[in-house]
Amino acid sequence: MQESTSALYAHLTELENRLEIETQRRAQAETSLRRLTKAAETMQLGVTITDVEGKIVYTNPADAIMHGYTVDELIGQDVSALGCPHDRNRLEAKALEGMKSWQRERLNTRKDGSVFPVELLSDAVIDTDGRPIGIITTCQDISSRKAAEQQLRDSHEELEARLRQSQKLEAIGQLTGGIAHDFNNMLAVVLANAELLVAYLPEDDDDLRVAASDIREAARASARMIERLLGFSRQAPLELIPTDLGQLVCDTTGMLRRIIRQDIEIEVATDTPAGTVTADHSAVQQMLMNLVTNARDAMSEGGAIRIVVANEILGEDEQKAHPWVQPGDYVRVSVSDTGTGMDADTLGRVFEPFFTTKPQGQGTGLGLAMIYGLMKQHRGYVHVFSEPGLGTTVHMHFPAIAAQAERPSIPISTAASFDPQSGTILLAEDEEIVRRTACRALERLGYRVLAAQDGADAIAIFHQHRNEIGLVMSDMIMPKMGGRELYAAIRREDPRIPFLFTSGYRPDDVRVRISLSEHTMVLQKPWKLDDLAAAVRRALDAVAQ
């Protein structure tokens, strides 16, 4: 009996100890829970605890506010109210895998029905026996991050689209330049033969003379269009000299006023002083003429054109908007109008050659394409801004330089000191039809012509007739041996023999390319008979001086 009492007493004591330990554990758990709850309630992240049935048993204020509820409204609701389907199967799978955490992104739903992106991190709530009894989930609103990612994607897509557009324009430019150069040779033939026809035809044959004159004028107009095509392809050479851009724009204003109607006002404003740039005066004037013409045509009922020349520093902000821009000092020429403006689709194609919104026969679509090419040659940038009904503004940015004096021109005597009847010209030209036309023109001027089909052929003829040749006239680009190599080879044998180059490039640009002396003549294609005669005489006279 005493043993049974002792055993019972020991058992009761063990129960009391276990109860005390359990009480302490419960107290510690409650303390930990209060601390956890306090921490959760001050967190910026949403925290929600659900049971295994998906009912919300706890949520912190951040999570309730994020979803547009109060805490009391959420307690007891199914978690699907937040747009999160109950993850019981997921929980069971995780239990089998050792209860690892899992993270995912999805769209949650607010009380008002709107959705927003969230990032969820969940873990199983485990009891003392290791059984899952619920899920605890942290919820972060990632709307800002998603918006930033979308903005980055949009920006990347925009840059890729601009790159594709730039590459397309470059490819079109190369193709256009090649076609234009070949067409230039054909125009030289048409123009020269039209002038020969005018010269040969009897003066009393009015009909034929008018027809030949029409051919000549059409060829000249075509030559001007070729210049615009070469401007777009950036193969037309420019004479870049230090220029006060503000003064040049002001000097051009009178010419611009003559091409607009009386119902259009034009205003010019320039910084004083405006910075100095290296620019081709004719190219700048041509760009202004095109922009003012476009502005005029966009204002059928009148309006205003404003031209502004301003010093501007392009920095990181401009580079973010236009990544191809190099930061630095620029002089900006802006041409704005109050016309009809353009929609986004039209604006995206404004630099494409032959694209125009004007009626058939009223526009070539080369204006802005030419400006794009010319600004590239100036190492500058052109940007177009427009909206339907709000007009158009074109900004042209020219890199600024330190002010320098303009290059003086080199006077060359045009006095005759050579008898054309006794002159022999070595002509090197690979295009047969061009060679034949040049021979005919030179022979009409009284010269004897020795024709060569390329540089190598010209060298052989030169060796056979060295003492007879008074002038070498050569194309720049030929197979086997081009004009540059021919010039160097003949100069080594006879440094004084005069040279006349023919090229689609401007004379100053050719001289720079092949280091010609200032007295070496360059005749730009397509040439006229008068130009050919003057160039030959000047080349011969320059050596005679």
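## R448 and E468

R448 pairs up with E468 in a salt bridge, and the closest N and O atoms sit 2.5 Å apart. Keep in mind that this is a predicted model. The contact ties together distant parts of the chain: R448 belongs to strand β14 (residues 448-452), while E468 lies in the loop between α13 (455-464) and β15 (471-475), 20 residues apart. R448 counts as partly exposed because its relative accessible area is 39%, and E468 is partly exposed too, at 35%.

Salt bridges with shared partners also join E105, E119, R145, K146 and E149 into one network.

## Another link across the chain

The structure has 13 salt bridges. One of them runs from K111 to E73, with 2.9 Å between the closest N and O atoms. Here, K111 is in the loop between β3 and β4 (115-126) and E73 is in helix α3 (residues 71-74), 38 residues apart. K111 has 46% relative accessibility, so it counts as partly exposed; E73, at 33%, is partly exposed as well.

## Helix α12

What about a salt bridge inside a helix? E432 and R436 form one, their closest N and O atoms being 3.6 Å apart. The two are 4 residues apart in α12, so about one helical turn separates them. E432 is exposed at 52%, whereas R436 is partly exposed at 42%.

The 13 residues of α12 (432-444) should span 18 Å at 1.5 Å a residue, and the end C-alpha atoms are indeed 18 Å apart. Its buried residues include V434, R435 and L442. After the helix comes G446, with a positive phi near 105 degrees.

## A negative patch

E203, D204, D206 and D207 make up a negative surface patch. Of these, D206 is found in helix α6 (residues 206-233).

Note on methods:
Residues numbered from 1 in each chain as written. Predicted model: local features only at pLDDT ≥ 70, side-chain atom pairs only at ≥ 80, totals over all residues. Heavy atoms only, no water. Patch = residues over 30% accessible without salt bridge, like charges linked within 9 Å, V, L, I, M, F, W, Y side chains within 5 Å. Areas by Shrake-Rupley, 256 points an atom, 1.4 Å probe, with all protein chains shown as cover. Salt bridge = Lys/Arg side-chain N within 4 Å of Asp/Glu carboxyl O. Lys, Arg positive; Asp, Glu negative; His and termini not counted. Charge placed at Lys NZ, Arg CZ, Asp CG, Glu CD. Expected span 1.5 Å × (residues − 1). Buried < 20%, exposed > 50% of the residue type's maximum accessible area, 1.4 Å probe, protein only.
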